[in-house]
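Q: Got a minute to go through this one with me? Let me pull it up.

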Amino acid sequence: MHVRVRLFATYREVSGTRQLTWSGREGATLGQLIDDLVTKFPRLEGYRDTMLLAVNHAFVDPSVRLREGDEIALMPPVSGGIP
């Protein structure tokens, strides 16, 4: 199974790329993808607990099972606006 991973802001800087392709076994979870990315880019470990995760433009948690062709987005938390 192959999915496209888009990295934003700090995660882009840490990984040195905006986008990559991840290959995993059928039925793999988003959490397993994150584990693999942290292995490849160890500095991501410090951000793991605060990552905003999306699959196909919907926010999800790491237990979501991935499917062929999914688009994953990893984003740091955001804040701002007028209180």
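A: Sure, here is a quick chat about the sheet, the core and the aromatic rings.
A: It's a predicted model, so local features need pLDDT of at least 70 and side-chain atom pairs count only at pLDDT 80 or more, while totals for chains, interfaces and linings use all residues. Residues are numbered from 1 along each chain as its sequence is written, and side-chain values use heavy atoms, with hydrogens and water left out.

Q: What's the strand order in the open sheet?
A: β2-β1-β5-β3-β4, with mixed pairing. Strands are DSSP runs of E, at least two residues, numbered from the N terminus, and helices are runs of H or I, at least four. Two strands pair if DSSP finds at least two bridges between them.

Q: Which strands stand at the edges?
A: β2 and β4 (58-59); each has a single partner strand, so one side of each lacks a neighbour in the sheet.

Q: And what does Val-3 stand opposite?
A: Trp-22 in β2.

Q: Switching topic: how many aromatic pairs are there?
A: There's 1. The ring centres of Tyr-11 and Tyr-47 are 5.6 Å apart with planes at 65 degrees, so the pair is edge-to-face. Rings of Phe, Tyr and Trp (its six-membered ring) pair if their centres lie within 6.5 Å; planes under 30 degrees apart are stacked, over 60 edge-to-face, the rest tilted.

Q: Is Tyr-11 buried or exposed?
A: Buried, at a relative accessible area of 0%, whereas Tyr-47 is partly exposed at 30%. Buried means under 20%, exposed over 50%, partly exposed in between (1.4 Å probe, protein chains only).
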